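Reader: I would like to learn how to read the features of a protein model. Please show me the structure, and we can take the features in turn.

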Amino acid sequence: MKKRVLSLLLVMLMVVSLVPMSALAATNGHTANEAIGWVQSQVGKALDYDGVYGAQCVDLIKYYYDYLGCASYARGNGSDYATNALPSGWTRLKGAQPRLGDILVYTGGYNNYGHVAIYESDYVSYHQNFNGKQYVVRATCKYNALNNPYWGVIRPDFGGSAPVSAASWEGPSATNITESNAYLSGKVNFSQTMNTTQVGVRIYDSSNTRIALKDEYVNYNTTYVNIWYDVTGELGIYLKSGQNYKFQFYTISNGKEYWSPIISFATAHTHNYASKVVQPTCTAQGYTMHTCSCGNSYKDSYVNALGHSYSGGACTRCGQKDPNYTQTSGVSYVLSDGVLTVSGSGECTNAWMNNYSPNNVKKIVIGSGITSIGRAAFQGCAYVKSVDIANGVTKICRGAFTQCWALESVIIPTSVNTIEMTAFGNAISGSTMNDVYYCGSAAQWGRISIGEHNDSLLKASFHYNYDPNMSFTDVAAGSYCYDAVQWAVANGITKGTDATHFSPNAGCTRGQVVTFLWRAAGEPTVGGNVGFVDVAPGSYCYEAVKWAVANGITNGTDATHFSPNAACTRGQVVTFMYRAEGEPAVGGNVGFVDVAAGSYCYNAVQWAVANGITKGTDATHFSPNATCTRGQVVTFLYRAQ
Ligand SMILES: [Zn+2]
Ligand SMILES: [Zn+2]
């Protein structure tokens, strides 16, 4: 015995020089793996530490305590280990799942002497005086399935030297990959039984932002752990189509984290292209651009560049100077049917008054070769109502249109950079100017140098980005709706049905008519819902229908339908407009045989006639049930404004 203690002391001294003090204090520097190795080496031996009662279960435990450097704490019978004082750092865990190297404590049996043993795994434990065998045995029954009731464990403080294992991963891998989901699975193998208490996964997107985190608390005593997740089904994550992702599994086994390799995968993706037509310009091809939400795109359906359209020395579309243009001097003036047409090149002047009377001029058209409008060039044209100035004029000189008392509208091109003082002189009895159609933006307008005393110009309504080249082949100049279409396009109330057609004779639907009315009213925003099942949010006429209903302009065709695609009749259109105006009181007779007193549109037609909005389809008919055409609708709106 004396000799044994000496040799143990020698072992302890050797260990002291090899391990940190903290480990030495708890288990004599031994890891749980080493401790189990020692226990395994005792199998078959009869251990009698105290020399009494032969090889008892507690003798194995006393030697075990001795091996771990704290023999003095090993006292009494098996059941006493449920209450014995413990070495510093050791813990007693009642009913706990044991770990490698734990001392199993049982408190029943004969005279309640209890029983103690050493745990390797759920089905491997080491006992002495077990099943009548008075030597150390390796038992393969489950640790808590003995006749003697399991109480719990004493856990030596193996501390940082808790059993660790090499971990080898099979996978993980991502399979069953779709546009929004994947199945992640893998397996970690340990070199020994490990107590795994936690498993989980982390998923990252292509910018390394973590998009999923899952931690699960488990209790496995196994040599391997299978881990699998259905990303959508179990983690609730819908991945994005065509994106790169990474993921990593982990376990916490015997208190240590084991992380898998980081695995990358990409979700499936089918391109879904939205198409956008890019119109050709003078110098660049037009094409159709197809773009997928993933960023992939391609072009096709190329059309040739338009080429410049020169007139009077410059391109009418882009303003490019015509390199072949030879300036011819001289300006000519022709007055015909009240329209004074000014053409040629250079500055126009009041020389025309030598041939014509200003009182006969109703409209002035200044051609594209003209570069400036001279001083007082059109002064005193008291009946002129509109002035169209083509691109090319850079300067409108002092007094050019002064005393044009009746002037209502003027088209000003982007080439103008100077408007001198009194160019549009102030009308003494109040300005009549209603509309300025400017071919550029508000910002461009702001860069024009404008002299003082031009208030009649500046107080008019401005229509920016007016297109003087609007050329719908189906709306000829002189057509009944020409001015109305020009006005409607300039004011954003409607576009053509394509680049070169307005389709004035096409019938209008109810959805289109309320949209035109809504735009003419300035596109006011109205809250709430439309309440019609056939006008979905996002529909082109959704806001317009809301506005129309909120303002009592229309009620829908029944409680739940607006019928946006139903044709709109002439009677309905004037009724909508009349209601939009607030249903002002009207008198007199309509004078149409097909609009009877008491008809739903009687007052509306009365109002429309009284305000010059319609003259009927002939002297005695209004044709209220005829489908209203696009040309008619914009004409009504144009006349009503
Ligand atoms: Zn795509
Ligand atoms: Zn051009």
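Reader: Where is Trp-90 found?

Author: Helices (H or I, at least four residues) and strands (E, at least two) are DSSP runs, numbered from the N terminus. Trp-90 sits in the loop between helix H4 (57-67) and strand S1 (91-94). This is a predicted model, in which local features need pLDDT of at least 70 and side-chain atom pairs count only at pLDDT 80 or more, while totals for chains, interfaces and linings use all residues. Residues are numbered from 1 along each chain as its sequence is written, chains are lettered from A and ligands numbered from 1 in the order in which they are written, and side-chain values use heavy atoms, with hydrogens and water left out.

Reader: Is Trp-90 buried or exposed?

Author: Buried means under 20% relative accessible area, exposed over 50%, and partly exposed in between (1.4 Å probe, protein chains only). Trp-90 has 6% relative accessibility, so Trp-90 counts as buried. From Trp-90 to Thr-614 the C-alpha to C-alpha distance is 102 Å, with a separation of 524 residues in sequence.

Reader: Which residues coordinate the zinc ion (ligand 1)?

Author: Donors are N, O and S atoms within 2.8 Å of the metal (3.2 Å for Na, K and Ca); water is not among the atoms, so sites may look incomplete. For ligand 1 the donors are His-269 (NE2), His-271 (ND1), Cys-292 (SG) and Cys-294 (SG), at 1.9 to 2.3 Å. His-271 lies in the loop between strand S12 (263-266) and strand S13 (273-278), and Cys-294 in the loop between strand S14 (286-292) and strand S15 (297-303), so the pair ties together parts that are 23 residues apart in sequence. His-271 is partly exposed, at 37%, and Cys-294 is partly exposed, at 37%.

Reader: What are the angles among the four donor atoms of the zinc ion (ligand 1)?

Author: Four donors count as tetrahedral if all angles lie between 85 and 135 degrees. The angles at ligand 1 are 104 to 119°, and the site is tetrahedral.

Reader: Which residues coordinate the zinc ion (ligand 2)?

Author: Cys-282 (SG), His-308 (ND1), Cys-315 (SG) and Cys-318 (SG) coordinate ligand 2, at 2.2 to 2.3 Å. This site is tetrahedral, with angles of 93 to 115°. Along the chain the donors follow the spacing C-x25-H-x6-C-x2-C. Cys-315 is buried, at 1%, whereas Cys-318 is partly exposed, at 44%.

Reader: In what sense do S8 and strand S9 (residues 210-230) pair?

Author: Two strands pair if DSSP finds at least two bridges between them. S8 and S9 pair in the antiparallel sense over 17 bridges, with Asn-189 bridged to Tyr-224 in S9. They form a hairpin with five residues between them, and Asn-208 in the turn has a positive phi of about 65°. Strand S8 (residues 183-204) is also antiparallel to strand S7 (residues 167-175), over seven bridges. A further antiparallel partner of S8 is strand S10 (residues 244-253), over eight bridges.

Reader: How many residues line the largest pocket?

Author: On a 1 Å grid over the protein atoms alone, a pocket is an open set of points where a 1.4 Å probe fits, with protein on both sides within 12 Å along at least five of seven lines; lining residues have an atom within 4 Å of a point. The largest pocket is lined by 49 residues, and Asp-388, Ile-389, Ile-411, Tyr-466 and Pro-468 lie nearest its centre. H8 gives the largest share of this lining, four residues.

Terms used:
Tetrahedral: all angles 85-135°; square planar, octahedral: opposite > 155°, others 65-115°.
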